[in-house]
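Biologist: I am new to this structure and should like to learn how its features are read. Could you guide me through a few of them?

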Amino acid sequence: MTLYGDNNLPADDRPTVQVTAVQWPVEEAEQPAKRKPGGKWALLSGGRWSFPPGGRWAHRSWLLIATGVTTAVLASAIGIGAYAYAGDVPRGTTVLGAELGGQSQAAAVEELRAAVERQAAELNAPLPVVVGEQTAELVPAEVGLQVDVEATVRAAMQVEAHVFERLVGSRTVPPVVTVDVERLDAALNEVLGDQSRKMTMPGITWSDLTPKATHPKPSLELSPEDSAQAVREGWLSGEPVTVPLTETHPMTTAEEVDRMVTELAKPAVAAPVTLTTDQGSVSIPPAAIAKSLLFTADEAGTLSAKVDGKRLRTALGDDLAKVEVPPKNAQMTLTDGKPKIIDSRDGKELDTSNLGEALLAVLPQADGRRVTGTLKTKKPKLTTEKLADLGIKEKVSTFTTQFSGGLSSPRSQNIITAAKDVDNTLVLPGEIFSLNKHTGDRNYAKGYQDAPVILNGKLVPGVGGGVSQFTTTLFNATYYAGLEDVEHKPHSYYFSRYPAVIESTIFYPDLDFKFRNNTEYGLLIDTSYTSNKITVSIWSTKIWDKVKTEYGPRSNITKPKTVYLEPGPDCIAANGSNGFSQNAYRVFYKNGKETKREKFSWRYAAEPRFICGPEPS
């Protein structure tokens, strides 16, 4: 250290530390040395420097001594702090009996993981649970119950502990526990069993014109999140875990249900409501009100009432014909051998979108039970413009079969009745046409008569007999138009009036003929007949240049046997026919080349030779 005289002191611009100077007593035997010539200070006995008693230098000497002491104290404090705050986890911190304090995060993770492994048997021991009045034991591993080591160390690192708490204190941090909520809920519901109770929702239903109230009842169920929290918190407590049950009450009370019955449901059906439109009035009877007035509860059990417009329309039925005008689809006919469109027509329909609210407002009233309805325009499904864009412009196929007996025979009448029903039928792109669906049950009321049908392998009288000939004719017309075959079944026996394999029987409702319009164009089915022929033509836009049939040879030929039947009005004789198997191929041509072919196969049984009479002896 270099000491300077008064006249040679450098400027001292360091911050001044405010301290209290301490005077050490100076023994009287130790006198200060004289200053030597040249301004040098003498060294006293004991190795101490001698300073002038007082003045500027004396003050500075005390400042230097005080600063040195403070520095030593600060250095000591820093050393203690460094020790206390060493590592990522505060000193004195334990988890599951493992000392993690003062360790880095990585080291603490390894230490805790080792502790968990040491306690594996204890941690995996069955956990007693109490659910309602039932008790059971859960296997922790089966419900995903485990210690999250990494999350636990992170939690331990966040513990608040000041320096002295870290030096002399201690603390235990609970482990972070995880569980598979879904698996736990499934396991606890097994324990719960029939103790659970679903919520009984409030409701009002109708028995004719009498409203019946359903009073609400609360549910008693497990809450998956509450269950998981209880199990996580109680797992390591050493005590059985009580899992809470949650009771949830519907929002609408029994008293409110009864009030709704008294103030709304009963008055609603006490008298009719008059519905007025600009086309006239319709009376809405109490029965229609009861069928359309619905009381429903949402998930929270809040009961509300509404009038369902669709139900109201159905309940009113034909009464709406007094004010509504049905729309009319566009139609197509053949005039002078060319397709002609008959224009569509818009209709008028009661708008029920807002009618329900208006009706609901007057139902509690005894008087003034009137509402106003609005009629809106109802477009037909098939408009003139849509039909014109369907491309029905030319005949794409036609097929004819012959029948005997003239137009007066029952069988002929059945063929013609079916043909008239199907005539001028439009099939839109993508639609499937079903002959059974189109004609419905072919019965006496629709003009069908008794004629021979095949039943249980023999010909017997049956209503609608002969319609299979029309079916075969229609099938061939769609076949040669190249349309998709969806469903058909050839006859059990072969009849020479039909093309082999490429033919179809029908029987309501079990056997049907269906085809799909698998083109982008609409199609029109045109039927015509003479005294011995039935013809079906398909009008659309031609896609294929040609569709034809190529036959394979007949095989597996079997001869008919002779069967004698009891004579009588129900006995129908038959000459019989051979049975055989055969393949037919539908071949499609486009641009002069074969494009594709489809295979049709059938096995005909030999039709017995039926003789009405006794067998010769």
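Modeller: Certainly. The model is predicted. Let us begin with lysine 542, which counts as partly exposed at 40% relative accessibility.

Biologist: Where does lysine 542 lie with respect to the strands?

Modeller: Lysine 542 belongs to the loop that joins strand 30 (533-540) to strand 31 (546-551).

Biologist: Which residues is lysine 542 in contact with, apart from its neighbours within four places in sequence?

Modeller: Those residues are Glu394 and Val396. In addition, the C-alpha atoms of lysine 542 and alanine 481 are 8.1 Å apart in space, with the two positions 61 residues apart in sequence.

Biologist: Is serine 504 buried or exposed?

Modeller: A residue counts as buried under 20% relative accessible area. Serine 504 has a value of 0%, so it is buried. Its place is the loop between strand 27 (484-487) and strand 28 (514-516). Beyond four places in sequence, serine 504 touches several residues, among them Ser468, Phe475, His488 and Phe513.

Biologist: How should a sheet be read?

Modeller: Strands of a sheet pair through backbone hydrogen bonds, in either a parallel or an antiparallel sense. In this model, three strands in the order 2-1-6 make up an open sheet with mixed pairing. Strand 2 (98-99) and strand 6 (171-172) are at the edges with a single partner strand each, and therefore one side of each has no neighbour in the sheet.

Biologist: In which sense do strand 1 and strand 6 pair?

Modeller: Strand 1 (residues 93-95) pairs with strand 6 in the parallel sense, over two bridges. Threonine 94 has threonine 172 of strand 6 as its bridge partner.

Note on methods
Residues are numbered from 1 along each chain as its sequence is written. This is a predicted model: local features need pLDDT of at least 70, side-chain atom pairs count only at pLDDT 80 or more; totals for chains, interfaces and linings use all residues. Side-chain values use heavy atoms; hydrogens and water are left out. Two strands pair if DSSP finds at least two bridges between them. Helices (H or I, at least four residues) and strands (E, at least two) are DSSP runs, numbered from the N terminus. Buried means under 20% relative accessible area, exposed over 50%, partly exposed in between (1.4 Å probe, protein chains only). Contact means heavy atoms within 4.5 Å.
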